[in-house]
Amino acid sequence: MPRVTRSCKTKTDTKENLAEPKKLTPKKRKSPEKSNSENSSSPKSACSNSLSPFRDQFASKLMLDTPECNKFRSARRALADNSDFNLPGREKEFEELSEYLNDIISREAYGSLYISGAPGTGKTATLLKIISMEKFMTKLSIGYVNCTSISTIGSIYKRICNELNLKLKSGSSEKDCLAALEHYLSSKHKMTLIILDEMDQLCSTGKKQDILYHIFELPAIPKSKLILVGIANALDLTDRLLVRLQSKCELKPKVMHFSAYTKAQIVEIFKNRFEESGVSDLFPPAAIQLLAAKVSAVSGDIRRALSIGKRVIELAELEKKKKCTKIDLSKLETLIEVDEKPPVEEPKVQLKEVVTVLNTVYGNAQTLSYDVDDSFPLLQKLLICTLLLIIKHDKNKNITVGRLHDVYKKVCKNRNINSIDLSEFLNLCLLVETHGIVRLTKKKEPRFHQVQLQWDEDEVYSALKDKQMITNVLNDKHLLSR
Ligand SMILES: Nc1ncnc2c1ncn2[C@@H]1O[C@H](COP(=O)(O)OP(=O)(O)OP(=O)(O)O)[C@@H](O)[C@H]1O
Ligand SMILES: [Mg+2]
């Protein structure tokens, strides 16, 4: 049975763990008149203060174990859970990939494939779904390596050997691991599939590139029966880095590109997830359309769309809870006496809640210049200038938080400004992200999070209102040396 480590980015939802509310026993009521006369100049405030814990408890009871609350919870889960969902919008890619694998398996041949696509376009999810199909599970030995999780490039062979359950002597060197792998591929074995996900991590210069070449050459070992699949964001990775492969016809990888999700596809994915979880009526179609229109216009990243959707639901739930605590007190008292719940409105996400979350995440295009205005803090300005510097003058456009931080420290030092450590820097990046200027694509380790500029240069110039600083930092090209 192949061991496939799923890399999908699941997030634990702490709110799912809310404790069950204690059973509320109706308490003896204080007379409101008495409270009023006792100790308050404002009868209204005295009344609500004395009942406040009582009312809050009741409101919690109303929210925590009701069908409405369960609905919010299921809807959040529907968007958070990564397993067992269909992948609408990826039918064509699913089909093409399955056929590619089927064809090689039926001929007991070999091949290599390079899948590219922006973050959140379903590359990993599609491939993992395919290899979890029984026909592939039974016919293939599968090794899945997420390259962000390997500490040094040299350890990749060891990881592949472990994934394929190859026996290694303790303390095996990189060379021993490679030899074991080559030996396995040239002796009798099952058809084998090796997947290198997030392969961008292995792509730089020198040794890393050599290892990458070598891995892509493995299928050519006689009788290797090896299918090698590399997944990364860059469109032209194989052209840029694996030119050697391109020149050898038999090693030229098949290239497949996953496009950003369109508005219609995002709508379909949301509908599908809600339908499968039985909560179709919580998120009205207009709200889904609005969310999908914005995300598809900016990036087409479904991971981002799902996380925004989750935040919208959390906000709607919060609003609902607030409403519950504002129940008319006289009605509440009657209801407590008869131990009944008040009639509740069907919970629904409101358009304004979608707008609120979208504005927090992306900033509001019309008010961007007001949002950031003159008060844009120095450290954030420097971060954005540093990002521009790397984008404009560094060869490697795959910018991680770690790389940005390294250059940022030098930019600060050059100006006698105290720089900050990586964790503070990460918070700074998140702050800048809330303006919608950059987008962070999360990886396992924060320093590998990818940073992408979301605005064009002109927008950045007009928002920062500090042409001088931008020009100065852009002149610091010498700070880019590693
Ligand atoms: N068509 C789809 N329908 C439903 N959910 C999807 C679909 N495509 C992707 N997802 C979900 O979106 C999330 C991101 O997808 P995935 O991890 O496959 O993106 P990716 O292209 O591999 O991104 P990255 O380049 O950052 O690794 C996952 O939780 C996945 O389950
Ligand atoms: Mg992926």
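**Figure 1. Contacts of ligand 1 with Glu198 and two glycines in the predicted model.** A polar side-chain atom of Glu198 is placed 3.5 Å from an oxygen atom of ligand 1. Two backbones also take part: a polar backbone atom of Gly120 is 2.9 Å from an oxygen atom of ligand 1, and for a polar backbone atom of Gly122 the distance to an oxygen atom of the ligand is 3.0 Å. On its own, ligand 1 has 640 Å² of accessible area, and the protein covers 97% of this.

**Figure 2. The shell of residues around ligand 1.** Ligand 1 is surrounded by 22 residues. Asn82, Lys123, Thr124, Ala125 and Tyr261 are the closest. By residue class, the shell divides into 9 nonpolar, 7 polar and 6 charged residues. Three helices, α5 (123–131), α12 (263–276) and α14 (302–325), each supply at least two residues of the shell. Which domains each contribute at least three residues to the shell? Domain 1 (76–82 + 262–362) and domain 2 (91–150 + 184–258) both do.

**Figure 3. Glu198 and its backbone.** The residue whose side chain approaches ligand 1 in the first view, Glu198, belongs to the loop between β3 (191–197) and α9 (207–217). Its phi angle is near 50°, a positive value in a residue other than glycine. Is Glu198 buried or exposed? Glu198 has a relative accessible area of 7%, so it counts as buried. Thr148 is in contact with Glu198, and the surroundings of Thr148 are shown in the next view.

**Figure 4. Thr148 in the loop that follows β2.** Thr148 sits in the loop between β2 (140–146) and α7 (156–163). The side chain of Thr148 makes a polar contact of 2.6 Å with the side chain of Asn146. When neighbours within four places in sequence are left aside, the residues in contact with Thr148 are Glu198, Gln201, Lys443 and Phe448. Thr148 counts as buried because its relative accessibility is 5%, under the 20% limit.

**Figure 5. Gly143 within strand β2.** Gly143 is a residue of strand β2. With a relative accessible area of 1%, Gly143 is buried. Apart from neighbours within four places in sequence, Gly143 is in contact with Glu163, Leu164, Leu193, Ile194 and Ile195. A further pair can be marked in this view: the C-alpha atoms of Gly143 and Ile160 are 6.2 Å apart in space, with the two residues 17 apart in sequence.

**Figure 6. Lys223 in the loop before β4.** Lys223 is found in the loop between α9 and β4 (226–232). Phi of Lys223 is near 60°, again a positive value in a residue other than glycine. Is Lys223 buried or exposed? The relative accessibility of Lys223 is 70%, so it counts as exposed. Glu198, the other positive-phi residue in these views, is buried.

**Figure 7. Pro347 and Lys71.** Pro347 occupies a place in the loop between α15 (329–337) and α16 (351–362). At a relative accessibility of 2%, Pro347 counts as buried. Pro347 and Lys71 are 276 residues apart along the chain, yet their C-alpha atoms are separated by 8.0 Å.

**Figure 8. Ala80 and Arg303.** Ala80 is part of helix α3, which spans residues 67–80. Why does Ala80 count as buried? Its relative accessible area is 18%, and buried means under 20%. The separation of Ala80 and Arg303 along the chain is 223 residues, and between their C-alpha atoms it is 9.4 Å.

**Figure 9. The chain as context for the close-ups.** The chain holds 22 helices and 7 strands. It has 482 residues, of which 49% count as buried. Among contacts in the chain with a separation of 6 or more, 76% come from residues 24 or more positions apart. The exposed area of the chain is about 24,200 Å², and 52% of this area is supplied by carbon and sulfur atoms.

Conventions
Residues numbered from 1 in each chain as written. Chains lettered and ligands numbered in written order. Predicted model: local features only at pLDDT ≥ 70, side-chain atom pairs only at ≥ 80, totals over all residues. Heavy atoms only, no water. Helix = DSSP H or I, 4+ residues; strand = E, 2+ residues; numbered from the N terminus. Buried < 20%, exposed > 50% of the residue type's maximum accessible area, 1.4 Å probe, protein only. Polar contact = N/O pair within 3.5 Å; in protein donor to acceptor, adjacent residues only side chain to side chain. Contact = heavy atoms within 4.5 Å. Near = heavy atom within 4 Å. Areas by Shrake-Rupley, 256 points an atom, 1.4 Å probe, with all protein chains shown as cover. Nonpolar A, V, L, I, M, F, W, Y, C, P; charged D, E, K, R; others polar. Domains from an automatic or database assignment.
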